[in-house]
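Grab a pencil and work through these short exercises with the structure open beside you. Try each task before you read its solution.

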Amino acid sequence: AAGTPLSGLFRHSSSRVLILVLCVSLPALLLVGEREKKCFIAAALFTALLLTGIFTKPYATGDAPNNTQIAFNILTYSVYAAKEHSSPPAFSAYREPLLPVTILPFAATALHEMKDIADPLQRLKKLYTHPYLKGATCLWAALLLFGIWKMGTFNNRHFIAVWLSLSFTYAYFCRDGLGNMLTEIPAAALLVWLAWAYMKALDSGKARWLALAGVAAAGMAMTKMLFLYVFLGSSPFLALALYWRGGQSAGQAARALLLPVAAFGCVLGLYTALMVAAHPGISAKDVYSSSRENTVLAIRGLKNTMTPDERWRTLYVYASRGALRSFFGFILGADEKDRLRGGRWERLSRGTDSAPNAKEGGDKWLPVEERRSYYTLSRTPEMRGRGKEMIMENLPLHLAMTPIFLYRGLFGLASGSSGLALFAYCSIAFVRSLTRKRPLDLVALWFPLAMIGAYALLSHFIPRFAEPMSPVLQTFFCVHMATWLAARNQKRAADPISV
(Lines give C-alpha, C1' and ligand atoms only; values in the text may rest on other atoms or scores of the structure.)
Protein backbone atom coordinates (compact mmCIF):
# COMPACT_ATOMS: atom_id res chain seq x y z
CA ALA A 1 0.00 0.00 0.00
CA ALA A 2 2.96 2.29 0.50
CA GLY A 3 3.23 3.15 -3.18
CA THR A 4 -0.47 3.52 -4.05
CA PRO A 5 -2.13 6.88 -4.80
CA LEU A 6 -4.42 6.42 -1.80
CA SER A 7 -1.50 5.99 0.57
CA GLY A 8 -0.07 9.25 -0.77
CA LEU A 9 -3.25 11.05 0.25
CA PHE A 10 -2.64 10.20 3.89
CA ARG A 11 0.82 11.77 3.78
CA HIS A 12 -0.64 15.16 2.86
CA SER A 13 -1.11 17.89 5.43
CA SER A 14 -4.33 18.02 7.44
CA SER A 15 -5.32 21.29 5.71
CA ARG A 16 -5.11 19.73 2.25
CA VAL A 17 -7.14 16.72 3.33
CA LEU A 18 -9.78 18.99 4.90
CA ILE A 19 -10.05 21.16 1.77
CA LEU A 20 -10.40 18.05 -0.41
CA VAL A 21 -13.12 16.57 1.83
CA LEU A 22 -15.12 19.81 1.96
CA CYS A 23 -14.84 20.56 -1.77
CA VAL A 24 -16.17 17.12 -2.65
CA SER A 25 -18.84 16.82 0.03
CA LEU A 26 -20.42 20.24 0.62
CA PRO A 27 -21.94 20.67 -2.86
CA ALA A 28 -23.53 17.23 -2.54
CA LEU A 29 -24.93 18.00 0.90
CA LEU A 30 -26.46 21.26 -0.30
CA LEU A 31 -28.37 19.53 -3.11
CA VAL A 32 -29.91 16.53 -1.33
CA GLY A 33 -32.64 16.01 1.25
CA GLU A 34 -32.41 15.23 4.95
CA ARG A 35 -32.42 11.45 4.61
CA GLU A 36 -29.80 11.55 1.87
CA LYS A 37 -27.60 13.83 4.03
CA LYS A 38 -27.60 11.25 6.82
CA CYS A 39 -26.73 8.41 4.46
CA PHE A 40 -23.99 10.44 2.79
CA ILE A 41 -22.37 11.44 6.07
CA ALA A 42 -22.51 7.88 7.45
CA ALA A 43 -20.99 6.41 4.28
CA ALA A 44 -18.30 9.11 4.10
CA LEU A 45 -17.23 8.61 7.73
CA PHE A 46 -17.11 4.83 7.36
CA THR A 47 -15.06 5.11 4.18
CA ALA A 48 -12.67 7.68 5.67
CA LEU A 49 -12.02 5.57 8.76
CA LEU A 50 -11.62 2.39 6.72
CA LEU A 51 -9.12 3.95 4.33
CA THR A 52 -7.21 5.66 7.15
CA GLY A 53 -7.05 2.41 9.09
CA ILE A 54 -5.66 0.62 6.06
CA PHE A 55 -3.15 3.15 4.81
CA THR A 56 -1.92 4.80 8.01
CA LYS A 57 1.40 3.35 9.07
CA PRO A 58 1.44 2.36 12.77
CA TYR A 59 4.06 4.04 14.93
CA ALA A 60 4.90 4.35 18.62
CA THR A 61 6.09 7.69 19.98
CA GLY A 62 5.85 9.66 23.21
CA ASP A 63 3.73 7.90 25.83
CA ALA A 64 2.14 5.44 23.40
CA PRO A 65 4.52 2.50 24.09
CA ASN A 66 3.36 2.43 27.73
CA ASN A 67 -0.19 1.53 26.70
CA THR A 68 1.06 -1.27 24.46
CA GLN A 69 3.37 -2.51 27.25
CA ILE A 70 0.41 -2.81 29.64
CA ALA A 71 -1.60 -4.86 27.14
CA PHE A 72 1.44 -7.06 26.44
CA ASN A 73 2.21 -7.65 30.13
CA ILE A 74 -1.42 -8.52 30.88
CA LEU A 75 -1.51 -11.06 28.06
CA THR A 76 1.97 -12.48 28.73
CA TYR A 77 2.39 -12.27 32.52
CA SER A 78 -1.13 -11.43 33.81
CA VAL A 79 0.37 -8.30 35.42
CA TYR A 80 -0.72 -4.69 34.92
CA ALA A 81 2.60 -2.90 34.32
CA ALA A 82 3.95 -0.30 31.91
CA LYS A 83 7.45 -1.76 31.62
CA GLU A 84 9.61 -3.70 29.21
CA HIS A 85 10.62 -6.98 30.87
CA SER A 86 11.69 -10.43 29.76
CA SER A 87 10.33 -11.79 33.05
CA PRO A 88 7.12 -11.01 35.02
CA PRO A 89 7.30 -7.34 36.14
CA ALA A 90 5.89 -5.84 39.32
CA PHE A 91 2.50 -4.08 39.31
CA SER A 92 2.67 -0.49 38.09
CA ALA A 93 -0.19 2.05 37.96
CA TYR A 94 1.84 4.35 35.71
CA ARG A 95 -0.84 4.60 33.00
CA GLU A 96 -4.64 4.72 32.89
CA PRO A 97 -6.28 1.39 31.99
CA LEU A 98 -9.07 1.98 29.46
CA LEU A 99 -7.02 2.18 26.26
CA PRO A 100 -4.76 -0.78 27.17
CA VAL A 101 -7.87 -2.86 27.86
CA THR A 102 -9.24 -1.84 24.45
CA ILE A 103 -5.95 -2.89 22.86
CA LEU A 104 -6.07 -6.38 24.44
CA PRO A 105 -8.07 -8.30 21.77
CA PHE A 106 -6.07 -6.73 18.93
CA ALA A 107 -2.76 -7.37 20.72
CA ALA A 108 -3.78 -10.99 21.43
CA THR A 109 -4.41 -11.58 17.73
CA ALA A 110 -1.08 -9.99 16.83
CA LEU A 111 0.84 -12.00 19.43
CA HIS A 112 -0.74 -15.21 18.14
CA GLU A 113 1.03 -14.55 14.84
CA MET A 114 4.33 -14.14 16.73
CA LYS A 115 4.15 -17.43 18.64
CA ASP A 116 7.33 -18.63 16.93
CA ILE A 117 9.36 -15.78 18.46
CA ALA A 118 10.72 -17.03 21.79
CA ASP A 119 12.08 -13.77 23.21
CA PRO A 120 9.27 -11.76 24.91
CA LEU A 121 11.08 -8.46 24.34
CA GLN A 122 11.35 -9.15 20.61
CA ARG A 123 7.63 -9.84 20.48
CA LEU A 124 6.95 -6.57 22.31
CA LYS A 125 9.18 -4.60 19.91
CA LYS A 126 7.22 -5.97 16.95
CA LEU A 127 3.91 -5.36 18.71
CA TYR A 128 4.59 -1.60 19.00
CA THR A 129 4.11 -1.13 15.25
CA HIS A 130 1.83 -4.05 14.43
CA PRO A 131 -1.02 -2.97 12.12
CA TYR A 132 -3.66 -4.87 14.14
CA LEU A 133 -3.32 -2.40 17.02
CA LYS A 134 -4.85 0.33 14.87
CA GLY A 135 -8.17 -1.47 15.40
CA ALA A 136 -8.33 -0.07 18.95
CA THR A 137 -7.92 3.57 17.91
CA CYS A 138 -10.22 3.09 14.88
CA LEU A 139 -12.90 1.82 17.27
CA TRP A 140 -12.56 4.90 19.48
CA ALA A 141 -12.46 7.20 16.46
CA ALA A 142 -15.73 5.70 15.21
CA LEU A 143 -17.29 6.29 18.64
CA LEU A 144 -15.98 9.85 18.61
CA LEU A 145 -17.39 10.69 15.18
CA PHE A 146 -20.73 9.06 15.98
CA GLY A 147 -20.83 10.99 19.26
CA ILE A 148 -20.22 14.26 17.40
CA TRP A 149 -23.13 13.40 15.11
CA LYS A 150 -25.41 12.71 18.10
CA MET A 151 -24.35 15.84 19.96
CA GLY A 152 -24.39 18.07 16.88
CA THR A 153 -27.87 17.01 15.75
CA PHE A 154 -29.38 17.20 19.25
CA ASN A 155 -32.74 19.03 18.88
CA ASN A 156 -31.72 20.50 15.51
CA ARG A 157 -31.09 19.62 11.88
CA HIS A 158 -27.94 21.63 11.17
CA PHE A 159 -26.35 18.87 9.09
CA ILE A 160 -23.92 21.15 7.27
CA ALA A 161 -22.57 22.49 10.58
CA VAL A 162 -22.19 18.98 11.96
CA TRP A 163 -20.45 17.86 8.78
CA LEU A 164 -18.00 20.75 9.14
CA SER A 165 -17.24 19.65 12.71
CA LEU A 166 -16.83 16.03 11.63
CA SER A 167 -14.52 17.07 8.80
CA PHE A 168 -12.34 19.20 11.09
CA THR A 169 -12.17 16.39 13.65
CA TYR A 170 -11.24 13.79 11.07
CA ALA A 171 -8.67 15.91 9.22
CA TYR A 172 -6.89 17.49 12.21
CA PHE A 173 -7.47 14.95 14.98
CA CYS A 174 -8.34 11.40 13.95
CA ARG A 175 -6.31 10.99 10.78
CA ASP A 176 -2.91 11.57 12.37
CA GLY A 177 -3.69 9.72 15.61
CA LEU A 178 -5.00 6.38 14.41
CA GLY A 179 -1.55 4.83 14.09
CA ASN A 180 -0.38 5.77 17.59
CA MET A 181 -1.62 4.25 20.86
CA LEU A 182 -2.18 7.55 22.68
CA THR A 183 -5.21 8.31 24.84
CA GLU A 184 -6.31 11.53 23.10
CA ILE A 185 -8.87 9.92 20.76
CA PRO A 186 -10.55 7.82 23.52
CA ALA A 187 -10.63 10.84 25.84
CA ALA A 188 -12.21 13.02 23.15
CA ALA A 189 -14.86 10.37 22.45
CA LEU A 190 -15.74 10.07 26.13
CA LEU A 191 -16.01 13.84 26.59
CA VAL A 192 -18.40 14.09 23.65
CA TRP A 193 -20.59 11.26 24.95
CA LEU A 194 -20.49 12.75 28.46
CA ALA A 195 -21.79 16.07 27.13
CA TRP A 196 -24.49 14.32 25.07
CA ALA A 197 -25.64 12.22 28.04
CA TYR A 198 -26.08 15.31 30.24
CA MET A 199 -27.93 17.10 27.43
CA LYS A 200 -30.20 14.10 26.92
CA ALA A 201 -30.87 13.85 30.67
CA LEU A 202 -31.87 17.51 30.92
CA ASP A 203 -34.06 17.28 27.84
CA SER A 204 -35.87 14.04 28.73
CA GLY A 205 -35.71 14.12 32.53
CA LYS A 206 -34.87 10.39 32.59
CA ALA A 207 -32.46 9.00 35.14
CA ARG A 208 -30.80 6.49 32.84
CA TRP A 209 -29.04 9.26 30.92
CA LEU A 210 -27.56 10.62 34.14
CA ALA A 211 -26.31 7.13 34.93
CA LEU A 212 -24.78 6.95 31.44
CA ALA A 213 -23.08 10.28 32.11
CA GLY A 214 -21.52 8.78 35.24
CA VAL A 215 -20.28 5.75 33.27
CA ALA A 216 -18.77 8.03 30.60
CA ALA A 217 -17.13 10.12 33.34
CA ALA A 218 -15.64 6.97 34.89
CA GLY A 219 -14.29 5.96 31.50
CA MET A 220 -12.77 9.40 31.14
CA ALA A 221 -11.12 9.09 34.57
CA MET A 222 -9.71 5.72 33.44
CA THR A 223 -8.28 7.47 30.37
CA LYS A 224 -7.07 10.76 31.89
CA MET A 225 -6.55 10.46 35.64
CA LEU A 226 -6.87 14.22 36.15
CA PHE A 227 -10.56 13.89 35.29
CA LEU A 228 -11.11 11.91 38.49
CA TYR A 229 -10.48 15.10 40.47
CA VAL A 230 -12.17 17.38 37.92
CA PHE A 231 -15.40 15.37 37.96
CA LEU A 232 -15.66 14.94 41.71
CA GLY A 233 -14.55 18.51 42.38
CA SER A 234 -16.75 20.28 39.83
CA SER A 235 -19.94 18.16 39.84
CA PRO A 236 -21.37 19.88 42.97
CA PHE A 237 -20.86 23.25 41.32
CA LEU A 238 -22.53 22.00 38.14
CA ALA A 239 -25.56 20.90 40.16
CA LEU A 240 -25.61 24.29 41.91
CA ALA A 241 -25.40 26.10 38.54
CA LEU A 242 -28.28 23.99 37.18
CA TYR A 243 -30.39 24.95 40.20
CA TRP A 244 -29.35 28.61 40.20
CA ARG A 245 -29.34 29.43 36.48
CA GLY A 246 -30.45 26.25 34.71
CA GLY A 247 -34.13 26.19 35.54
CA GLN A 248 -33.85 22.99 37.56
CA SER A 249 -35.59 22.42 40.89
CA ALA A 250 -33.61 21.51 43.99
CA GLY A 251 -34.62 17.85 43.59
CA GLN A 252 -33.64 17.78 39.90
CA ALA A 253 -30.28 19.42 40.63
CA ALA A 254 -29.62 16.96 43.46
CA ARG A 255 -30.41 14.06 41.14
CA ALA A 256 -28.09 15.54 38.50
CA LEU A 257 -25.34 15.36 41.11
CA LEU A 258 -26.03 12.07 42.89
CA LEU A 259 -26.86 9.72 40.01
CA PRO A 260 -23.77 10.42 37.87
CA VAL A 261 -21.50 10.35 40.94
CA ALA A 262 -23.06 7.03 42.06
CA ALA A 263 -22.55 5.46 38.61
CA PHE A 264 -19.04 6.92 38.51
CA GLY A 265 -18.23 5.38 41.91
CA CYS A 266 -19.68 1.97 40.95
CA VAL A 267 -17.55 1.69 37.80
CA LEU A 268 -14.33 2.79 39.51
CA GLY A 269 -15.12 0.63 42.54
CA LEU A 270 -15.50 -2.43 40.31
CA TYR A 271 -12.26 -1.63 38.52
CA THR A 272 -10.42 -1.17 41.81
CA ALA A 273 -11.76 -4.47 43.20
CA LEU A 274 -10.66 -6.36 40.08
CA MET A 275 -7.18 -4.84 40.17
CA VAL A 276 -6.70 -5.63 43.87
CA ALA A 277 -7.97 -9.19 43.38
CA ALA A 278 -5.67 -9.76 40.39
CA HIS A 279 -2.56 -8.40 42.12
CA PRO A 280 -2.15 -9.76 45.67
CA GLY A 281 -0.27 -7.42 47.96
CA ILE A 282 -1.53 -4.11 46.56
CA SER A 283 -4.17 -1.85 48.05
CA ALA A 284 -6.82 0.43 46.54
CA LYS A 285 -4.44 3.34 47.10
CA ASP A 286 -1.78 1.67 44.95
CA VAL A 287 -4.23 1.45 42.04
CA TYR A 288 -4.45 5.25 41.84
CA SER A 289 -0.89 6.18 42.79
CA SER A 290 1.44 7.26 40.00
CA SER A 291 4.88 8.79 39.77
CA ARG A 292 3.66 10.79 36.77
CA GLU A 293 1.80 13.15 39.07
CA ASN A 294 5.02 14.03 40.88
CA THR A 295 6.85 14.43 37.56
CA VAL A 296 4.28 16.88 36.16
CA LEU A 297 4.18 18.92 39.36
CA ALA A 298 7.99 19.06 39.43
CA ILE A 299 8.06 20.45 35.88
CA ARG A 300 5.43 23.04 36.75
CA GLY A 301 7.06 23.95 40.06
CA LEU A 302 10.41 24.61 38.40
CA LYS A 303 8.90 26.51 35.46
CA ASN A 304 7.16 28.80 37.94
CA THR A 305 10.62 30.19 38.70
CA MET A 306 11.06 31.74 35.24
CA THR A 307 12.67 35.16 35.16
CA PRO A 308 10.43 38.14 34.24
CA ASP A 309 12.14 38.33 30.85
CA GLU A 310 11.45 34.66 30.15
CA ARG A 311 7.78 35.07 31.03
CA TRP A 312 7.36 37.66 28.28
CA ARG A 313 9.30 35.49 25.84
CA THR A 314 6.82 32.62 26.28
CA LEU A 315 4.51 34.61 23.98
CA TYR A 316 6.90 33.63 21.19
CA VAL A 317 8.32 30.31 22.42
CA TYR A 318 4.96 28.77 23.34
CA ALA A 319 3.07 30.01 20.27
CA SER A 320 2.47 27.50 17.50
CA ARG A 321 4.12 28.06 14.15
CA GLY A 322 2.28 30.59 12.05
CA ALA A 323 1.22 34.22 12.02
CA LEU A 324 1.10 34.66 15.80
CA ARG A 325 4.62 33.36 16.37
CA SER A 326 5.88 35.53 13.50
CA PHE A 327 4.14 38.55 15.03
CA PHE A 328 5.63 38.03 18.49
CA GLY A 329 8.97 37.19 16.92
CA PHE A 330 8.91 40.61 15.21
CA ILE A 331 7.78 42.43 18.37
CA LEU A 332 10.33 40.71 20.63
CA GLY A 333 13.14 40.58 18.09
CA ALA A 334 13.27 36.78 18.23
CA ASP A 335 13.96 33.93 15.83
CA GLU A 336 14.25 30.15 16.01
CA LYS A 337 17.90 30.28 17.09
CA ASP A 338 16.82 31.77 20.43
CA ARG A 339 14.97 28.53 21.23
CA LEU A 340 17.95 26.26 20.48
CA ARG A 341 20.82 25.28 22.76
CA GLY A 342 22.95 28.35 23.41
CA GLY A 343 20.09 30.69 22.51
CA ARG A 344 18.69 33.39 24.76
CA TRP A 345 15.66 31.33 25.81
CA GLU A 346 17.07 27.83 25.71
CA ARG A 347 15.73 27.11 29.20
CA LEU A 348 12.15 27.25 27.85
CA SER A 349 12.64 24.50 25.25
CA ARG A 350 12.62 20.88 26.35
CA GLY A 351 14.64 19.64 23.35
CA THR A 352 17.77 21.73 23.98
CA ASP A 353 19.25 19.11 26.30
CA SER A 354 18.77 16.09 24.04
CA ALA A 355 21.87 13.91 24.01
CA PRO A 356 23.28 13.89 20.45
CA ASN A 357 24.69 10.35 20.75
CA ALA A 358 22.05 8.71 22.96
CA LYS A 359 21.89 4.98 22.35
CA GLU A 360 18.61 3.15 21.90
CA GLY A 361 17.24 2.36 25.33
CA GLY A 362 19.70 4.72 27.03
CA ASP A 363 19.28 8.17 28.58
CA LYS A 364 18.01 10.52 25.85
CA TRP A 365 19.10 13.58 27.86
CA LEU A 366 22.51 15.09 28.54
CA PRO A 367 24.15 14.43 31.93
CA VAL A 368 22.59 16.40 34.79
CA GLU A 369 25.50 18.81 35.07
CA GLU A 370 25.10 19.79 31.39
CA ARG A 371 21.33 20.29 31.40
CA ARG A 372 19.90 23.78 31.05
CA SER A 373 16.20 23.59 30.22
CA TYR A 374 13.57 23.70 32.95
CA TYR A 375 12.04 20.48 31.62
CA THR A 376 15.14 18.30 31.89
CA LEU A 377 16.29 19.88 35.16
CA SER A 378 12.93 18.95 36.69
CA ARG A 379 13.56 15.28 35.86
CA THR A 380 16.58 14.93 38.13
CA PRO A 381 16.63 12.90 41.38
CA GLU A 382 16.88 16.11 43.41
CA MET A 383 13.59 17.40 42.01
CA ARG A 384 11.63 14.16 42.34
CA GLY A 385 8.65 14.74 44.60
CA ARG A 386 9.48 18.43 45.22
CA GLY A 387 6.97 19.91 42.80
CA LYS A 388 4.08 20.16 45.24
CA GLU A 389 6.36 21.65 47.88
CA MET A 390 7.67 24.30 45.47
CA ILE A 391 4.15 25.25 44.41
CA MET A 392 2.85 25.57 47.97
CA GLU A 393 5.88 27.65 49.01
CA ASN A 394 4.76 30.45 46.70
CA LEU A 395 1.12 29.87 45.82
CA PRO A 396 0.47 33.48 44.61
CA LEU A 397 3.32 33.09 42.09
CA HIS A 398 1.88 29.75 40.94
CA LEU A 399 -1.52 31.34 40.33
CA ALA A 400 0.07 34.28 38.52
CA MET A 401 1.91 31.87 36.19
CA THR A 402 -1.25 29.95 35.29
CA PRO A 403 -2.30 32.26 32.39
CA ILE A 404 1.07 31.61 30.71
CA PHE A 405 0.44 27.86 30.67
CA LEU A 406 -3.18 28.36 29.65
CA TYR A 407 -1.90 30.32 26.65
CA ARG A 408 0.51 27.49 25.83
CA GLY A 409 -2.05 24.72 26.01
CA LEU A 410 -4.77 26.42 23.96
CA PHE A 411 -2.75 25.94 20.77
CA GLY A 412 -3.72 22.27 20.99
CA LEU A 413 -7.43 23.04 20.50
CA ALA A 414 -7.16 23.88 16.80
CA SER A 415 -4.64 24.64 14.10
CA GLY A 416 -2.50 27.70 14.74
CA SER A 417 -3.92 30.58 16.75
CA SER A 418 -7.53 29.53 16.02
CA GLY A 419 -7.38 27.52 19.25
CA LEU A 420 -7.27 30.80 21.18
CA ALA A 421 -10.32 32.07 19.30
CA LEU A 422 -12.23 28.81 19.87
CA PHE A 423 -11.54 28.96 23.60
CA ALA A 424 -12.59 32.62 23.77
CA TYR A 425 -15.85 31.92 21.92
CA CYS A 426 -16.74 28.93 24.10
CA SER A 427 -15.84 30.82 27.28
CA ILE A 428 -18.16 33.67 26.33
CA ALA A 429 -20.88 31.16 25.43
CA PHE A 430 -20.39 29.51 28.84
CA VAL A 431 -20.91 32.82 30.64
CA ARG A 432 -23.97 33.53 28.50
CA SER A 433 -25.36 30.09 29.36
CA LEU A 434 -25.42 31.24 32.99
CA THR A 435 -26.72 34.76 32.40
CA ARG A 436 -29.39 33.68 29.88
CA LYS A 437 -30.30 30.37 31.52
CA ARG A 438 -29.27 27.94 28.78
CA PRO A 439 -28.72 24.64 30.62
CA LEU A 440 -27.93 22.59 27.49
CA ASP A 441 -25.05 24.94 26.61
CA LEU A 442 -23.94 24.83 30.23
CA VAL A 443 -23.59 21.03 30.44
CA ALA A 444 -22.04 20.80 26.96
CA LEU A 445 -19.20 23.15 27.92
CA TRP A 446 -18.77 22.44 31.63
CA PHE A 447 -16.33 19.55 31.69
CA PRO A 448 -14.18 20.47 28.64
CA LEU A 449 -13.58 23.95 30.05
CA ALA A 450 -13.02 22.50 33.54
CA MET A 451 -10.35 20.18 32.14
CA ILE A 452 -8.63 23.08 30.37
CA GLY A 453 -8.64 25.08 33.62
CA ALA A 454 -7.29 22.11 35.60
CA TYR A 455 -4.45 21.51 33.15
CA ALA A 456 -3.51 25.19 33.20
CA LEU A 457 -3.53 25.24 37.01
CA LEU A 458 -1.85 21.92 37.76
CA SER A 459 0.55 21.18 34.90
CA HIS A 460 2.92 22.66 32.35
CA PHE A 461 0.04 22.20 29.84
CA ILE A 462 1.68 21.12 26.62
CA PRO A 463 -0.72 21.54 23.65
CA ARG A 464 -1.34 17.78 23.37
CA PHE A 465 -3.13 17.88 26.72
CA ALA A 466 -5.82 20.13 25.20
CA GLU A 467 -6.48 17.98 22.13
CA PRO A 468 -9.25 15.81 23.68
CA MET A 469 -11.32 18.93 24.38
CA SER A 470 -11.12 20.09 20.76
CA PRO A 471 -13.89 17.96 19.14
CA VAL A 472 -16.60 18.81 21.67
CA LEU A 473 -15.75 22.53 21.59
CA GLN A 474 -15.55 22.60 17.79
CA THR A 475 -18.91 20.84 17.55
CA PHE A 476 -20.44 23.34 19.95
CA PHE A 477 -19.02 26.24 17.96
CA CYS A 478 -20.24 24.97 14.56
CA VAL A 479 -23.77 24.18 15.76
CA HIS A 480 -24.00 27.35 17.86
CA MET A 481 -23.06 29.50 14.86
CA ALA A 482 -25.50 27.63 12.60
CA THR A 483 -28.30 28.16 15.13
CA TRP A 484 -27.51 31.87 15.37
CA LEU A 485 -27.44 32.28 11.57
CA ALA A 486 -30.73 30.40 11.18
CA ALA A 487 -32.39 32.61 13.80
CA ARG A 488 -31.04 35.71 12.11
CA ASN A 489 -32.35 34.59 8.71
CA GLN A 490 -35.79 33.91 10.20
CA LYS A 491 -35.84 37.38 11.74
CA ARG A 492 -34.81 38.94 8.44
CA ALA A 493 -37.54 37.06 6.58
CA ALA A 494 -40.16 38.12 9.14
CA ASP A 495 -39.13 41.78 9.34
CA PRO A 496 -36.56 42.78 6.70
CA ILE A 497 -36.72 46.47 7.65
CA SER A 498 -35.55 45.93 11.26
CA VAL A 499 -32.59 43.88 10.04
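**Exercise 1.** Does Cys-138 count as buried or exposed, going by its relative accessibility?

*Solution.* Keep in mind that you're looking at a predicted model.
- Step 1: the cut-off for buried is under 20% relative accessible area, and exposed means over 50%.
- Step 2: Cys-138 comes in at 18%, so this cysteine counts as buried.
- Step 3: try the rule on another cysteine. Cys-266 has 58% relative accessibility and therefore counts as exposed.
- Step 4: what about bonds between cysteines? A disulfide is a covalent bond between the sulfur atoms of two cysteines. This structure has zero disulfides.

**Exercise 2.** Find out how the side chains of Glu-184 and Lys-224 meet, and where each residue sits.

*Solution.*
- Step 1: start with the idea. Side chains of opposite charge can pair when their charged atoms come close.
- Step 2: check the distance. Glu-184 and Lys-224 form a salt bridge, with 2.7 Å from N to O.
- Step 3: locate the partners. Glu-184 belongs to helix α9, while Lys-224 is in the loop between α10 and α11, so the pair links distant parts of the chain, 40 residues apart.
- Step 4: look at accessibility. Glu-184 has a relative accessible area of 5%, so it is buried. Lys-224 is buried too, with 9%.

**Exercise 3.** Compare the positions of two more salt-bridge pairs, Arg-313 with Asp-309 and Arg-347 with Glu-310.

*Solution.*
- Step 1: take Arg-313 and Asp-309, whose side chains meet at 2.8 Å, N to O. Both are in helix α15, and because they are four residues apart, about one helical turn separates them.
- Step 2: check how open they are. Arg-313 is buried at 18% relative accessibility, whereas Asp-309 is partly exposed at 38%.
- Step 3: now the other pair. Arg-347 and Glu-310 meet in a salt bridge of 3.0 Å, N to O. Arg-347 lies in the loop between α16 and α17 and Glu-310 in helix α15, so this bridge ties together parts 37 residues apart in sequence.
- Step 4: Arg-347 is partly exposed, at 31%, but Glu-310 is buried, at 5%.
- Step 5: put the bridges together. Shared partners join Glu-184, Lys-224 and Arg-464 into one network. The structure holds six salt bridges.

**Exercise 4.** Which residues lie closest to the centre of the second largest pocket, and which helix supplies the largest share of its lining?

*Solution.*
- Step 1: get the volume. The second largest pocket has about 740 Å³ of space.
- Step 2: go to the centre. The closest of its 30 lining residues are Tyr-172, Phe-173, Gly-412, Leu-413 and Glu-467.
- Step 3: trace the helices. At least two lining residues come from each of α8, α9, α20 and α22. The largest share, six residues, belongs to α8.
- Step 4: sort the lining by class. You get 15 nonpolar, eleven polar and four charged residues.

**Exercise 5.** What is unusual about the sign of phi in Ser-78 and Lys-437?

*Solution.*
- Step 1: recall the rule. Most residues other than glycine have a negative phi.
- Step 2: Ser-78 has a positive phi of about 60° although it isn't a glycine. You'll find Ser-78 in the loop between α4 and α5, and at 54% relative accessibility it counts as exposed.
- Step 3: Lys-437 also has a positive phi, near 55°. Lys-437 sits in the loop between α20 and α21 and is partly exposed at 48%.

Technical notes: Residues numbered from 1 in each chain as written. Predicted model: local features only at pLDDT ≥ 70, side-chain atom pairs only at ≥ 80, totals over all residues. Heavy atoms only, no water. 1 Å grid on protein atoms, 1.4 Å probe; cavity = no way out; pocket = protein on both sides within 12 Å on 5 of 7 lines; lining within 4 Å. Points joined across faces, edges and corners; volume = space filled by probe spheres on them. Nonpolar A, V, L, I, M, F, W, Y, C, P; charged D, E, K, R; others polar. Disulfide = S-S within 2.5 Å. Buried < 20%, exposed > 50% of the residue type's maximum accessible area, 1.4 Å probe, protein only. Salt bridge = Lys/Arg side-chain N within 4 Å of Asp/Glu carboxyl O.
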